[in-house]
Amino acid sequence: MKKVLVILLALAMVLGLAACGGASSGGSSAPEKKEPQELIIAIELDQAGLDPNQVSWTDVPHLLTSGVLFSYNKDNTGLVPEICESIEVSEDGLRIDFTLPEGAKFSNGDPLTAQAVKDSLMRTKEISLYAEDLATLEDVEVTDDTHGALIMSEASPFMYASLVSAYGAIVDVQEAEKVGDDAFNAEGYVSCGPYVIDSWTAGSEMTFVPNPNYKTFNPEKKNQDATNLYDKITVRFIPDGFTRVSELQAGNVDIITSVGASDYETVLNDSSLKSYKYDYAGMVYAMFNLDDEITGDLKVRQAINLGIDRNAICEAMGNTCSPSYSMINSAIIGFSAEEDKKLADEWAYDPEKAAALLEEAGWVDSDGDGIRDKDGKPLQIAYDVAASYEAQAQSAPIIQEQLKQIGIDISVTVAESSVVKDKLASGDYQMACLMYGWNDADIMIYLRPLQGEEILAVLAEARVIADGQARIEKYVEAQELIDSYLPSFGLFYPNTMMATTDKITMTVYGDGRTPFEDIEKAE
């Protein structure tokens, strides 16, 4: 007996998922297009490539061009088809059957068959930087051109986060083999999303035109074929946040997908702009070297956790982030609101309790200089901060001052993420601040501070539990272990913002996903 899989909690930051398909009709109708229109979207960076199997990060260009088998619905409570007419997930989670429409095609006209789906996913397993996400995908069983099934060695709910994202794109492997991987990663890329690349000016912009073979069976999308897509979409690369906002205000771009924290007020106070805020699926977190003489002491780690006022940090940054005491938030599958509240109550800012813990650990201010000491050594801790998100660097001096109030001398060093990660790998650190972004709690199994044997065992169990609620409970168990050992703890996560001119009407789901093919622009 099979049923459509229901996912019980929120997915995080997988932005608008593209779709693919053939020439068959169906779905809801869309208003008749009147005049040719262009949509201009500003993002931060030029792209490393278009082929999701060959890049380490994706952005709007991948969402415009890449099609997937299925995605999450807008409420993140279930799966809906994209290129498929239907999908069915077995009760045990070991099989996902899919049905493609007759005559389905890639954007270049090549047949989009069940065998093509298999070839694409096997290529992902072979060359993708994130092939491990599909480790339990043993085979794609092909019945005929329109029917196939994903066969897993064990239940793999952790895998869906990749399959619904651009990393799960169904690409034309026949074309990739014909033109070579380098060309396929550039303007030779072929998938089945709503748009295809038209031009790429390095460091400046990309342009896209409609995929004539585009078709989605997602019931929540209005534009289900190529009929009402924009005649042209231009994606401009504007690294500076202030410039992106200025270009939006001037009407030179229609949408900016990332508003810098320092520009929030500008956007919110401009009546000619619209803002869309959502919770980022990820976390800024602190981590400790448990082999260090000072941070290896649990009482010291507990004192630090209690000595950080997260609410004050977020207020100081204009409430562009939200405090967190857990390693995951509500935008991530595996989140438990009950556990989150428990941790927030347990670790609420309490400098007096923090001071008492330090006293118990033997750290006292024997010379009255405000910094605790023990055995003639001051309580000094090096704090390495990765500069991957501006709020990490902004929060560091605030944390430094807060911990000084309980007698800890924090020395802050802000550096590129790669530098900080190298220090972690060598063990040359005491306390560090990093950030991750992913839409499933399975990400925790890859985080360096959570590599304790007990914690890893529970995380390994959680990733293969088919039942959504049971999986949540297992992540609660993992968080309880983290709480008891405290190798790491959450600090805060971004309240992310997109912005448009007042001529744009679009939908941004609670986790940031945006159906780009349904964006409307007033004349």
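Good morning. I begin with Glu 477, which counts as partly exposed, at 37% relative accessibility. The model under discussion is a predicted one, and every value I quote is computed from it.

Glu 477 has a partner in Lys 474: their side chains form a salt bridge, with 3.0 Å from N to O. Both residues belong to helix H15 and are three residues apart, about one turn of the helix. An α-helix has 3.6 residues a turn, so residues three or four places apart point the same way. The two partners differ in their surroundings, for Lys 474 counts as buried because its relative accessibility of 16% is under the 20% cut-off, whereas Glu 477, at 37%, is partly exposed.

A second pair with similar spacing is found in helix H10. Lys 342 and Glu 346 both lie there, four residues apart, about one turn of the helix. Their side chains meet in a salt bridge of 3.4 Å, N to O. Lys 342 is partly exposed, with 35% relative accessibility, and Glu 346 is likewise partly exposed, at 31%.

What becomes of these charged residues beyond the pairs? Turning back to H15, where Lys 474 and Glu 477 both lie, I add that salt bridges sharing partners join Lys 342, Glu 346, Glu 480 and Asp 483 into one network.

How many salt bridges does the structure hold in total? The count is 20. One of them joins Arg 95 and Glu 141, whose closest N and O atoms are 2.7 Å apart. This pair links distant parts of the chain, since Arg 95 is in strand E7 (residues 95–99) and Glu 141 is in strand E9 (residues 137–142), 46 residues apart. Arg 95 is partly exposed, at 23% relative accessibility, and Glu 141 is partly exposed as well, with a relative accessible area of 32%.

I turn next to two serines, each located in a loop.

The first is Ser 326, in the loop between strand E17 (321–323) and helix H10 (337–346). Is Ser 326 buried or exposed? At 5% relative accessibility, Ser 326 counts as buried. Leaving out residues up to four places away in sequence, Ser 326 touches Met 283, Asp 340, Leu 343, Gln 479 and Gly 490. With Gln 479 there is a polar contact between side chains, at 3.2 Å. The side chain of Ser 326 also reaches the backbone nitrogen of Ile 328, at 3.2 Å. Asp 483, a member of the salt-bridge network, is 157 residues from Ser 326 along the chain, yet their C-alpha atoms are separated by 8.6 Å.

The second is Ser 156, in the loop between strand E10 (147–152) and helix H3 (157–163). Ser 156 is buried, with a relative accessible area of 0%. Its side chain makes a polar contact of 2.4 Å with the side chain of Thr 136, and reaches the backbone oxygen of Glu 154 at 2.6 Å. Apart from neighbours within four places in sequence, the contacts of Ser 156 are Gly 93, Thr 136 and Arg 463.

Now to the buried parts of the model. In helix H14 (residues 453–462), the buried residues include Ile 455, Val 458, Leu 459 and Ala 462. Why do they line one face of the helix? Seen down the axis of H14, the buried residues fall within an arc of 100 degrees, so they line one face. Helix H15 (468–485) is among the elements that cover them.

In soluble globular proteins, nonpolar side chains tend to be buried together. Here the largest nonpolar core has 66 residues, and those with the most contacts inside it are Leu 69, Phe 98, Leu 121 and Leu 150. Leu 69 touches, among others beyond four places in sequence, Phe 98, Val 117, Leu 121, Leu 150 and Ile 170. Apart from this core lies another, of 39 residues, including Ile 294, Cys 321, Trp 363 and Leu 486.

My last element is strand E20 (residues 380–386). Five of its seven residues are buried, so the strand is largely enclosed by the rest of the structure. E20 pairs with strand E21 (residues 409–415) in the parallel sense, over seven bridges. Within this pairing, Val 385 stands opposite Val 414 in E21.

Thank you for your attention.

Key
Residues are numbered from 1 along each chain as its sequence is written. This is a predicted model: local features need pLDDT of at least 70, side-chain atom pairs count only at pLDDT 80 or more; totals for chains, interfaces and linings use all residues. Side-chain values use heavy atoms; hydrogens and water are left out. Buried means under 20% relative accessible area, exposed over 50%, partly exposed in between (1.4 Å probe, protein chains only). Contact means heavy atoms within 4.5 Å. A polar contact is a pair of N or O atoms within 3.5 Å; within protein, one must be able to donate a hydrogen and the other to accept it, and residues adjacent in sequence count only if both atoms are side-chain atoms. The arc is that of the directions from the helix axis to the C-beta atoms. A salt bridge is a side-chain nitrogen of Lys or Arg within 4 Å of a carboxyl oxygen of Asp or Glu. A nonpolar core is a set of buried Ala, Val, Leu, Ile, Met, Phe, Trp, Tyr and Cys residues joined through side-chain atoms within 4.5 Å. Two strands pair if DSSP finds at least two bridges between them.
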